[in-house]
Amino acid sequence: MHTLLTFVLTVLGGTLVFVLGQLILKMVLEPSADLSKIMAEIKTAVIFYGNVESCIGDENLKAEARREFRKLASAIRYKADTIYLYSFVRSDCFYGFPEKNDLSTLSCLLIGVSNSIFDPPDNRNEKLDEICKLLGMNK
C-alpha cells in the first residue's frame with residue numbers, strides 16, 4: 001500500500017509540475033519573447049525606413065514603409081495584451097519592457113508615422129524621435 005501511494009503521489013506531482021511549466025511557458029514566456037522580437041522589428045523598421053522621405057518619387061518604398069509601420073503598431077498592441085503578469089515580466093530581471101501605457105503610446109506613434117509617410121517629414125521625424133526614446137535607442 002505504501003509503495004502504491006508513493007507511486008501515485010509521484011505521478012501526480014510530476015503531472016502538476018509539467019502542467020504548471022506549460023502554463024508559464026505558453027502564457028508568459030512565449031508571448032514575452034514574441035513581444036521582444038516585435039520591438040526588435042520596430043527598431044529595424046525605424047532605422048531602415050527612417051530616410052524614406054528622401055526617396056523622392058519612390059512611391060513603392062513609401063507604401064511599403066506605411067504598411068510595415070501599421071503592421072508593427074497592431075502587432076505590438078496585440079502581443080502586449082496577450083502577456084499575463086505583464087508587470088512582473090516587464091521588470092528588469094526579465095525582459096525590461098516599457099510600461100503598458102508606453103506600449104500604447106508607441107503603437108499610436110507608429111500609426112502616426114504610417115499615416116504621415118506621404119507628408120512632409122517634420123512631424124514624422126518628431127514621432128520617430130519619440131519612438132526611439134521609448135525603445136531606448138539612439139537615433
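A residue is taken as partly exposed when its relative accessible area falls between the buried class, under 20%, and the exposed class, over 50%. Leu20 has a relative accessible area of 44%, so Leu20 lands in the partly exposed class. The model behind these values is a predicted one.

Leu20 sits in helix α1, and it belongs to a nonpolar patch on the surface. The other members of that patch are Leu16, Phe18, Val19, Leu23, Met27, Tyr84, Leu85 and Phe88. Put together, the nine names account for about 900 Å² of accessible area. Helix α1, which runs over residues 2–48, is the biggest giver here, supplying six residues to the patch. Leu20 qualifies for a patch of this kind because its 44% clears the cut-off of over 30% relative accessible area.

Turning to charged side chains, the count of salt bridges comes to four. Side chains of opposite charge can pair when their charged atoms come close. Among the four is the bridge between Lys79 and Asp34, with 3.1 Å from N to O. This pair links distant parts of the chain, since Lys79 is in helix α2 (residues 59–82) and Asp34 is in helix α1, 45 residues apart. How do the two ends of this bridge fare for accessibility, buried or exposed? Lys79 comes out as buried, because its relative accessibility is 14% and the buried class covers anything under 20%. Asp34, in contrast, is partly exposed, with a relative accessible area of 28%.

A second bridge joins helix α2 to helix α4. Here the side chains of Asp81 and Lys100 meet at 3.8 Å, N to O. Asp81 lies in helix α2 and Lys100 in helix α4 (residues 100–115), so this pair ties together parts of the chain that are 19 residues apart in sequence. Asp81 has a relative accessible area of 60% and is therefore exposed, as the class begins over 50%. Lys100, at 35% relative accessibility, counts as partly exposed.

Another of the salt bridges stays within one helix. Lys71 pairs with Glu68, and their closest N and O atoms are 3.5 Å apart. Both residues lie in helix α2, three residues apart, which is about one turn of the helix. Lys71 counts as partly exposed, at 44% relative accessibility.

Note on methods
Residues numbered from 1 in each chain as written. Predicted model: local features only at pLDDT ≥ 70, side-chain atom pairs only at ≥ 80, totals over all residues. Heavy atoms only, no water. Patch = residues over 30% accessible without salt bridge, like charges linked within 9 Å, V, L, I, M, F, W, Y side chains within 5 Å. Areas by Shrake-Rupley, 256 points an atom, 1.4 Å probe, with all protein chains shown as cover. Helix = DSSP H or I, 4+ residues; strand = E, 2+ residues; numbered from the N terminus. Buried < 20%, exposed > 50% of the residue type's maximum accessible area, 1.4 Å probe, protein only.
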